[in-house]
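Trainee: Got a minute to walk through this model with me? I'd like to start at the tail end.

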Amino acid sequence: VTFTCLPDTTLSAVRAVLAREDRRDTENPGAPDGSDAADVSGSLPPLVMFDDAHALVRLVIGGLRVFDELGMFARANDERTLWAFAIDASVWPYLERSRDSRPLFDEVFELEAWNEAQIGALLRQRCRRAEIEPVFDDLIDRLPLGADELDRYDAVQAKKAGYERMLWDHSGGNPGIALEVWRSSLAQDAAGSIRVRSLQVPDASLLESLPDAALFVLRAIVQSTPATTDDLARTTRLPAADVLDMIRFGEGKGLFVSENDRIRVAWSWLRPVMRLLERRRLMRAQ
């Protein structure tokens, strides 16, 4: 069973879902009818996965209550069930500091960044799935006089490899960021061909001009995704009006995306934002 955690996810909601899954399990006749999955460990599935578990964490006093409740529930029912929590790297250091007096998990696995070959393979896979053949001709340097089709082919292949290397470097090995930048760098011409433009990345100089208070808001948004204005004000201890001004500025520049009154950093801006926060020592380098 996989749960995609949201800020409003609760232990009672998780227990209700597990109970429904148990009632649907016709292969487990030993579980009593109407039994609560929280109380009957034998009726739980062999694997329960909490994706985006960092959404349960609020960076305020008492902000770990729901996370701790789910952790204790998992501990109490771990005899026959493997519990897995997927947590964003930006939130993990906070959890380590907050709960360093006791182990959070039996085992911790840190996903490594993708390498250049993996990023390239992903781009080619997505192009095949979309049934497109990107054209790199616009990026090729002027060929010398007398160059033939073989020279042009070699130049295209070299440009493809260099482009994938730039994408990998810019994204820091993050496949989601690489795909977003790749998508924004493609354009369709009048003939319907998909042409590759120069790498389309935001101008990071905008971030350098932000005041210190805005950087704390940026960090809170990264670590509290998705967050409301009230969440950010409590986390940063800044006036709500100042936080709202920063959010409006960021939305106008395409820095933030608002979904259901919750704010997150736009995918295209995530890497520049992380680099800035790491350089200012507001976040641990990934």
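Mentor: Sure. Start with R281, which sits in the segment after α11. Keep in mind that this is a predicted model.

Trainee: Is R281 buried or exposed?

Mentor: R281 is exposed, because its relative accessible area is 75% and the cut-off for exposed is over 50%.

Trainee: What about phi of R281?

Mentor: Phi is near 60 degrees for R281, so a positive value in a residue that isn't glycine. Most residues other than glycine have a negative phi.

Trainee: Where does N260 lie?

Mentor: N260 is in the loop between β6 (256–259) and β7 (262–265). Its phi is positive too, about 55 degrees, and N260 is not a glycine.

Trainee: And is N260 buried or exposed?

Mentor: N260 counts as exposed, because its relative accessibility is 74%.

Trainee: OK, helices now. How do α8 and α11 pack?

Mentor: Helix α8 covers residues 212–223 and helix α11 covers residues 267–279. They pack at an angle of about 120 degrees, and their axes are 11 Å apart. That makes α8 oblique to α11, because roughly perpendicular stops at 115 degrees and roughly antiparallel starts over 145.

Trainee: Which hand is the crossing of α8 and α11?

Mentor: Left-handed: that is how α8 passes α11.

Trainee: Which residues meet there?

Mentor: From α8, L215, L218, R219 and V222. From α11, V273, M274, L276 and L277. By type, the contact of α8 with α11 has seven nonpolar residues, no polar and one charged.

Trainee: What comes right after α8? I'm looking at S224.

Mentor: S224 is in the loop between α8 and α9 (229–236). S224 counts as buried, because its relative accessibility is 2%.

Trainee: What is S224 in contact with?

Mentor: Setting aside neighbours within four places in sequence, S224 is in contact with R58, L59 and T235.

Trainee: Change of topic. How does α6 pack on α4?

Mentor: Helix α4 spans residues 116–130 and helix α6 spans residues 175–184. The angle is about 50 degrees and the axes are 10 Å apart. So α4 and α6 are oblique to each other. Their crossing is right-handed.

Trainee: Which side chains should I click on? I mean the residues of α4 and α6 that meet.

Mentor: On α4, pick I119, L122, L123, R126 and C127. On α6, pick P175, A178, L179 and W182. The contact of α4 with α6 divides into eight nonpolar residues, no polar and one charged.

Trainee: And how does α5 pack with α6?

Mentor: Helix α5, residues 149–171, packs with α6 at an angle of about 130 degrees. The axes are 9 Å apart. That makes α5 oblique to α6. The crossing of α5 and α6 is right-handed.

Trainee: Which residues make that contact of α5 and α6?

Mentor: Y163, L167, H170 and S171 come from α5. I177, A178, V181 and W182 come from α6. The contact of α5 with α6 has six nonpolar residues, two polar and no charged. Note A178 and W182: they meet α4, and they are in the contact with α5 as well.

Trainee: Next, T81. Where is T81?

Mentor: T81 is in the loop between α2 (65–76) and β3 (82–85). T81 is buried, because its relative accessible area is 6% and the cut-off for buried is under 20%.

Trainee: What does the side chain of T81 reach?

Mentor: The backbone oxygen of P45, at 2.8 Å. Leaving out residues up to four places away in sequence, T81 touches L44, P45, P46, L47 and V48.

Trainee: Last one, near the start of the chain. Where is L6?

Mentor: L6 is in the loop between β1 (2–4) and α1 (11–24). L6 is partly exposed, with a relative accessible area of 46%.

Trainee: What is L6 in contact with?

Mentor: A55 and L56, leaving aside neighbours within four places in sequence. Look at V57 too. L6 and V57 are 51 residues apart in sequence, and their C-alpha atoms are 9.9 Å apart in space.

Definitions and conventions. Residues are numbered from 1 along each chain as its sequence is written. This is a predicted model: local features need pLDDT of at least 70, side-chain atom pairs count only at pLDDT 80 or more; totals for chains, interfaces and linings use all residues. Side-chain values use heavy atoms; hydrogens and water are left out. Axes are lines fitted to C-alpha atoms, for helices over the stretch in contact, and angles run from 0 to 180 degrees between N-to-C directions. Helices (H or I, at least four residues) and strands (E, at least two) are DSSP runs, numbered from the N terminus. Angles under 35 degrees count as roughly parallel, over 145 as roughly antiparallel, 65 to 115 as roughly perpendicular and the rest as oblique. A crossing is left-handed if the near helix is turned anticlockwise from the far one by less than a right angle, and right-handed if clockwise. Contact means heavy atoms within 4.5 Å. Ala, Val, Leu, Ile, Met, Phe, Trp, Tyr, Cys and Pro count as nonpolar, Asp, Glu, Lys and Arg as charged, and the others, Gly among them, as polar. Buried means under 20% relative accessible area, exposed over 50%, partly exposed in between (1.4 Å probe, protein chains only). A polar contact is a pair of N or O atoms within 3.5 Å; within protein, one must be able to donate a hydrogen and the other to accept it, and residues adjacent in sequence count only if both atoms are side-chain atoms.
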